[in-house]
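Biologist: Please walk me through the inside of this protein. I would like to know what earns each label.

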Amino acid sequence: MEKRYTSRELDYYDIGIMPYAEAWDLQRDIFSRRKEGIINDSLLLLEHPHTYTLGKVAKREHLLMTEEELRNGHISVFDIDRGGDITYHGPGQIVGYPIINLSEWQKDSHKYLRTLEQVLIDMLHTYGIESGRKEGLTGVWIEDRKIAAIGIKISSWITMHGFALNVNTDMHLFQGIVPCGITDKKVTSLQQEKGAYISLEEVKERIVKEFVKHFNYDQCKKNVHPTEISAG
């Protein structure tokens, strides 16, 4: 029997700045709705206030700041259920949370991870930046400098968490951790590589374009506020 073609649609949410705990709750809400099949695949792009997150395999000693330093810097810390070690989120960094059903794309977690990397690699190429992967490590690299971290969770073939791309990020905040538990590599940002401030809105548009292409969506609808998710 000939396989029936089904159009795939992506809902994209440009959220702005959202506290990490609120975004985590939002992810779980969208995940439940996607699992029930009452909403489309969703991509959230946003920024967080200063935050360190520790994945399931993170070592606590990779958080180098004291409790007093964290308080004085107004930095939140969360232990979360994604893969990977410790990373930083903050203003000027674009965080992407794809909540998509891989059953309607490819049931392959490795392929999904590599495709997320390729989305960012191809997006950076539009800025004239050649980036790539490092064997045995996740994320996107420019030589030995990491520009994007990736940490995901997949349950019932539906994804959560995602990527963090340094655009105009305050790189000093990475000094408070051992980023991703890697001691012999550096971190960088799009602003550092280009030597100029980069429009976050422009970067978001280019990310969405590459995401739609690589994950084979036929349509993409942009939404402004996450409350629209609950209205459907």
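Modeller: This is a predicted model. Start with the largest nonpolar core, which has 37 residues. L165, L190, V203, I207, F211 and F215 touch the most other members.

Biologist: Why is this called a nonpolar core?

Modeller: Its members are buried residues such as Leu, Val, Ile and Phe, joined through side-chain atoms within 4.5 Å, so the set fits the term. Nonpolar side chains tend to be buried together in soluble globular proteins.

Biologist: Which elements give two or more residues to this core?

Modeller: Strands 1, 2, 8, 9 and 10 do, along with helix 3 (109-125) and helix 5 (200-214). Helix 3 gives the most, with eight residues.

Biologist: Which residues does V203 touch, leaving out those up to four places away in sequence?

Modeller: V203 touches I94, M123, Y127, L165, V167, L190 and I198. Contact here means heavy atoms within 4.5 Å. Apart from this core lies another, of 19 residues, including I15, M18, A23 and I158.

Biologist: What makes a space a cavity?

Modeller: A 1.4 Å probe fits there but cannot get out, so the space counts as a cavity. One cavity of 30 Å³ or more is found. The largest cavity has a volume of about 70 Å³.

Biologist: What lines the largest cavity?

Modeller: The lining has 13 residues, and T87, A148, A149, N166 and F174 lie nearest the centre. Strand 5 (86-89), strand 9 (145-155) and strand 10 (158-166) each give two or more residues. Strand 9 gives the largest share, four residues.

Biologist: How does the lining divide by residue class?

Modeller: Nine lining residues are nonpolar, three are polar and one is charged.

Technical notes. Residues numbered from 1 in each chain as written. Predicted model: local features only at pLDDT ≥ 70, side-chain atom pairs only at ≥ 80, totals over all residues. Heavy atoms only, no water. 1 Å grid on protein atoms, 1.4 Å probe; cavity = no way out; pocket = protein on both sides within 12 Å on 5 of 7 lines; lining within 4 Å. Points joined across faces, edges and corners; volume = space filled by probe spheres on them. Nonpolar A, V, L, I, M, F, W, Y, C, P; charged D, E, K, R; others polar. Buried < 20%, exposed > 50% of the residue type's maximum accessible area, 1.4 Å probe, protein only.
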